[in-house]
Protein chains: 2
Amino acid sequence: MYQRKIPELLDCGLAVALKVIGGKWKSWIIDCIRRDIRRPSAIHREMDVIAPRVINLHLKELEEHGIIYKVIFADVPPRVEYRFTAVGESLLPLLAQLEDWGNANKEYINRNVEEYAPGSCQFLPEQQAAKAS
Amino acid sequence: MYQRKIPELLDCGLAVALKVIGGKWKSWIIDCIRRDIRRPSAIHREMDVIAPRVINLHLKELEEHGIIYKVIFADVPPRVEYRFTAVGESLLPLLAQLEDWGNANKEYINRNVEEYAPGSCQFLPEQQAAKAS
DNA sequence: GGGGACAGGGAAAAATTATTCCCTGTCCCC
DNA sequence: GGGGACAGGGAATAATTTTTCCCTGTCCCC
């Protein structure tokens with residue numbers, strides 16, 4: 001386990017929320033479980049461009065944060081399922097809203113990124129007002 | 001500017017949203033501007049534990065993403081203000097909700113992190129059901 | 001002139017996160 | 001026995017992000 005050298009500021013609710021959902025593939029994993037893809041191997045298949053190891057690490061973090069929990073069946077071969085805790089469930093509507101927002105604005109954002117050139121931001125207020133409209 | 005080596009998956013709305021708000025201090029900066037702390041130097045004072053350089057980089061990114069825009073006054077000494085674009089404004093309610101969620105659950109999450117020990121996740125379904133309730 | 005506030009950025013280092021490679025077991029099927 | 005599926009982790013490396021240090025310029029005030 002990696003030992004942090006710079007302390008985090010976790011008194012702010014926003015920081016906590018972002019810590020939980022902010023990992024690179026976290027939200028994708030959460031979305032899998034939401035769609036009832038709950039077994040590690042199934043998630044690995046679903047996210048086949050991501051290394052299984054990476055997914056496992058994220059799963060462990062989600063578990064540490066109390067967003068999901070693991071159900072281990074006594075079966076052989078071993079069978080494991082991840083499910084949402086109550087707190088994890090409460091996150092789903094927020095993620096859905098974020099996703100809607102992203103879908104509604106991704107063209108705008110990607111266009112902005114492409115068009116952005118250092119210095120192109122030099123406008124006077126009147127010009128900016130025009131641009132913003 | 002850093003040249004990415006691994007392409008991002010930005011077709012998913014959630015990924016886009018997290019890209020925009022996911023930077024380490026992004027949401028704090030957005031919160032400053034929301035509270036009408038709009039000038040770079042004022043933001044630096046407000047977030048005085050963060051290096052000004054870092055804040056500038058995040059501001060530039062928010063600008064590139066079209067979340068905020070810069071108003072440059074012709075004054076001397078130079079005066080600059082950051083303001084939200086319409087898209088930036090539309091993000092605020094979502095952030096407020098995330099913050100509420102984080103505040104409501106941060107004790108739970110921090111407790112989980114502290115109590116988590118590798119292997120403590122080995123429960124049978126019945127025990128998990130009890131824990132989750 | 002010296003010092004401070006203003007806005008901003010280059011270069012390098014450090015910290016953090018993501019990724020790859022490869023290894024541990026068990027069981028089933030051919 | 002060999003090969004595959006299952007769940008999982010150690011160690012090292014690469015990629016990315018964050019941070020520090022220091023420098024550019026203008027203007028005002030003492």
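A residue is counted as near a strand if one of its heavy atoms lies within 4 Å of that strand. The structure described here is a predicted model, in which local features need pLDDT of at least 70 and side-chain atom pairs count only at pLDDT 80 or more, while totals for chains, interfaces and linings use all residues. Residues are numbered from 1 along each chain as its sequence is written, chains are lettered from A and ligands numbered from 1 in the order in which they are written, and side-chain values use heavy atoms, with hydrogens and water left out.

We can start with the DNA. Of the atoms of DNA strand C within 4 Å of the protein, 73% are sugar or phosphate atoms, and bases provide the rest. Around this strand lie 23 residues, of which A:Y2, A:W25, B:S41, B:R53 and B:K70 come nearest. By type, the surface near the strand holds eleven nonpolar residues, three polar and nine charged (Ala, Val, Leu, Ile, Met, Phe, Trp, Tyr, Cys and Pro count as nonpolar, Asp, Glu, Lys and Arg as charged, and the others, Gly among them, as polar). At least two residues each come from α4 (52-64) of chain A and from α3 (40-46), α4 (52-64) and β2 (79-84) of chain B; helices (H or I, at least four residues) and strands (E, at least two) are DSSP runs numbered from the N terminus. The largest share, four residues, belongs to α4(A).

Phosphate oxygens of DNA strand C lie 2.9 Å from a backbone N or O atom of A:K24 and 3.3 Å from a side-chain N or O atom of B:R45. For B:R39, a side-chain N or O atom is 3.3 Å from a sugar or linking oxygen of the strand.

Turning to the protein, 53 residues of chain B are in contact (heavy atoms within 4.5 Å) with 53 residues of chain A. The area buried between the two chains (accessible area lost on being put together, 1.4 Å probe, summed over both) is about 5100 Å², with carbon and sulfur atoms giving 69%. B:L14, B:W101 and B:Y116 supply 13% of what chain B buries against chain A, more than any other three residues. Beyond its neighbours within four places in sequence, B:W101 contacts several residues of chain A, including A:A17, A:V20 and A:I67, as well as B:I109.

Finally, B:T85 sits in the loop between β2 and α5 (86-115) of chain B. B:T85 is buried (under 20% relative accessible area, 1.4 Å probe, protein chains only), at 7%. Not counting residues up to four places away in sequence, B:T85 touches A:Y108, B:G66, B:I67, B:I68 and B:Y69.

Key. Polar contact = N/O pair within 3.5 Å; in protein donor to acceptor, adjacent residues only side chain to side chain. Buried < 20%, exposed > 50% of the residue type's maximum accessible area, 1.4 Å probe, protein only.
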